[in-house]
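Colleague: I would like to go through this model with you one step at a time, with the reasoning spelled out.

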Amino acid sequence: MEGSSKMSSPKGKKDDLYHVIHKVPSGDSPYVRAKHAQLVEKDPEAAIVLFWKAINAGDRVDSALKDMAVVMKQLDRTGEAIEAVKSFRGLCSKQAQDSLDNVLIDLYKKCGKIEEQIDLLKRKLRLIYQGAAFNGRPTKTARSHGKKFQVSVTQETSRLLGNLGWAYMQKGNFMMAEVVYRKAQMIDPDSNKACNLGLCLIKQGRYEDARLVLEDVLESRLPGSDESRSRKRADELLMELRSMHPLPESFDLLGLDDDLVKGLEQLMNEGGPVRSKRLPIFEEISQFRDQVAC
């Protein structure tokens, strides 16, 4: 008996090492076989079939649905992935809904569904200012490139606002994008959002404001300013600025009425600490959304 145990031990350790190296779970369920097809055999089509089997069998549905959507996106089957998530997320746990929202946002971005992306981002932000995000906890566990880390409500709010600002930029609504990016920078500033804010200002012909924002990056006044990618982008935008002939800095260029201009200027000048439950950005955005031209 003892000899038998010693003989089987190396095999067990080898199996454990195999699962660690390939990052696949152990077992022989549909979900395990789907992950094996995805990560070991590198057969995405087979993986999708097995993920469907896992979902239908109720085998790790939360993970199966998310992983299947990711594989579909890699195969440019984004529309199919969106429908799958929307149709089957009801089978998933409450804890999985936030991650599924993030998957949907990524899919909407991939296929250019900007309005859907904006609506979902604003819904997620409403949950934060209503105090309903993170299941009432101040932080949540996130995962990136296989590593887990903690994300605070403040960081998540700023991240979502940054994504919302980018979505408005894709619509060509640079004024609304500026409002959102400024709010994001008040909450949790970083160099990437500063570069996007600088681009919004350039698109509005507000070159001096853009120069000041971009110089904050190049003079390392913001978190992330030491990253080569952000510094390179800020440099490129400043070079673009220098090649332009500055126009008068006036909202009149946009053809907006005086009341709207005053309202937006007052909105952008607001500051103060972030409140724990309510985030005024949505009331402010909804107030001007129908008035601001895309």
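**Helix 6 and two loop residues**

Colleague: In which loop is D76 found?

Modeller: This is a predicted model, and D76 can be placed by the helices on either side of it. The loop that holds D76 is the one between helix 4 and helix 5.

Colleague: Is D76 buried or exposed, and what is its relative accessible area?

Modeller: Most residues other than glycine have a negative phi. D76 has a positive phi of about 60° although it is not a glycine. Exposed means over 50% relative accessible area, and D76 is therefore exposed, with a value of 60%.

Colleague: What is the relative accessible area of S220?

Modeller: S220, which is not a glycine, also has a positive phi of about 60°, and S220 is found in the loop between helix 11 (207-218) and helix 12 (228-242). Partly exposed covers the range between the 20% and 50% cut-offs, so S220 counts as partly exposed, with a relative accessible area of 48%.

Colleague: How far apart are the end C-alpha atoms of helix 6?

Modeller: Helix 6 (residues 97-111) has 15 residues, and at 1.5 Å a residue it should span 21 Å. The distance in the model agrees with this expectation, because the end C-alpha atoms are apart by 21 Å.

Colleague: Which helices are included in what covers the buried residues of helix 6?

Modeller: The buried residues of helix 6 are L100, D101, V103, L104, I105, L107 and Y108. What covers these buried residues includes helix 4 (61-74), helix 5 (78-88) and helix 7 (114-129).

Colleague: Which residue follows helix 6, and what is its phi?

Modeller: The residue that follows helix 6 is G112. The phi of G112 is positive, near 75°.

Conventions: Residues are numbered from 1 along each chain as its sequence is written. This is a predicted model: local features need pLDDT of at least 70, side-chain atom pairs count only at pLDDT 80 or more; totals for chains, interfaces and linings use all residues. Side-chain values use heavy atoms; hydrogens and water are left out. Helices (H or I, at least four residues) and strands (E, at least two) are DSSP runs, numbered from the N terminus. The expected span of a helix is 1.5 Å times one less than its number of residues. Buried means under 20% relative accessible area, exposed over 50%, partly exposed in between (1.4 Å probe, protein chains only). Contact means heavy atoms within 4.5 Å.
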